[in-house]
Amino acid sequence: MKKKIFLSLVLSVFAFCATAKSWENYAGIGVNVPFSMMNASLENSSDANDEDRNITQIGYGAEVQYIGVHSNGFSLKTDFSVGCITSDDIDVQNYSRNVGFYENLAIGLGYSFIHTDTYLLGLAAMGGVEIAQYSDD
């Protein structure tokens, strides 16, 4: 319930910002190549060598961004990306390299220090969720 209220509040703020007169809206699209490395601890592993191992993933995808900037410099930013992700360290399929899909959504607030017709420079605190999914189909 709290998540639904928070999500509806965030969406309402973004909708207000997109329609307000003192806001300037920017949208962008692009490609991204996310790289992640994490240490996985496998407590119930039958092989003692698999208790701690590093998992490295690299992805290839597309990204959509929105930045709303108020005339006083206050900024709202959101990013959404989706694509495919690969890893040699995950044993889901009987292949040497496993392929999956990922999604990333981040939302944040910030301040734009330079806001001209040509340049936009700011700092934003972002929070979000990233999901990588591999399937054995």
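Among contacts in the chain between residues at least 6 apart in sequence, what percentage join residues at least 24 apart? The figure is 57%, where contact means heavy atoms within 4.5 Å.

## The model and its overall build

This is a predicted model, in which local features need pLDDT of at least 70 and side-chain atom pairs count only at pLDDT 80 or more, while totals for chains, interfaces and linings use all residues. Residues are numbered from 1 along each chain as its sequence is written, and side-chain values use heavy atoms, with hydrogens and water left out.

The chain has one helix and six strands, in the order α-β-β-β-β-β-β along the sequence. Helices (H or I, at least four residues) and strands (E, at least two) are DSSP runs, numbered from the N terminus. Of the 137 residues in the chain, 28% are buried. Here buried means under 20% relative accessible area, exposed means over 50%, and partly exposed lies in between, with a 1.4 Å probe and protein chains only.

## The β5–β6 hairpin

Let us turn to a pair of strands. Strand β5 (residues 98-115) runs antiparallel to strand β6 (residues 120-134), and 15 bridges join them; two strands pair if DSSP finds at least two bridges between them. Four residues sit between β5 and β6, and the two strands form a hairpin. One of the bridges can be followed by name: G100 has Y134 in β6 as its bridge partner.

## Two aromatic pairs

The structure contains two aromatic pairs. In the first to be described here, W23 and F74 meet edge-to-face, with 6.0 Å from centre to centre and 75° between the planes. Rings of Phe, Tyr and Trp (its six-membered ring) pair if their centres lie within 6.5 Å; planes under 30 degrees apart count as stacked, over 60 as edge-to-face and the rest as tilted. The W23–F74 pair links distant parts of the chain, since W23 belongs to strand β1 (residues 23-32) and F74 to strand β4 (residues 74-87), 51 residues apart. W23 counts as buried because its relative accessibility is 10%, whereas F74 is partly exposed at 33%.

Y111 and F113 make up another edge-to-face pair, 5.3 Å centre to centre with 70° between the planes. Y111 has a relative accessible area of 40%, so it is partly exposed. F113, at 53% relative accessibility, counts as exposed.

## Around W23 and H70

W23 also has a place in the surroundings of H70, a residue of strand β3. Leaving aside neighbours within four places in sequence, H70 is in contact with S22 and W23. The side chains of H70 and S22 share a polar contact of 3.0 Å, and the H70 side chain makes a further polar contact of 3.5 Å with the side chain of S71. A polar contact is a pair of N or O atoms within 3.5 Å; within protein, one must be able to donate a hydrogen and the other to accept it, and residues adjacent in sequence count only if both atoms are side-chain atoms.

Distances between C-alpha atoms add two more views of the fold. W23 and N72 are 49 residues apart along the chain, and their C-alpha atoms are separated by 9.3 Å. D88, in the loop between β4 and β5, is 33 residues from I55 in sequence and 8.1 Å from I55 in space, C-alpha to C-alpha. With a relative accessible area of 43%, D88 is partly exposed.

## Charges: K77, D79 and E63

Which residue forms a salt bridge with K77? The partner is D79, and the closest N and O atoms are 2.8 Å apart. A salt bridge is a side-chain nitrogen of Lys or Arg within 4 Å of a carboxyl oxygen of Asp or Glu, and the structure holds one. K77 counts as buried because its relative accessibility is 19%, and D79 is buried too, at 14%.

E63, in strand β3 (residues 52-70), is buried yet has no salt bridge, and the nearest side chain of opposite charge is K77, 5.7 Å away. For charge, Lys and Arg count as positive and Asp and Glu as negative, while His and the chain ends are not counted. The E63 side chain does have a polar contact of 3.2 Å with the side chain of Q65. Beyond its neighbours within four places in sequence, E63 is in contact with G28, I29, G30, N32, D79, F80 and S81.
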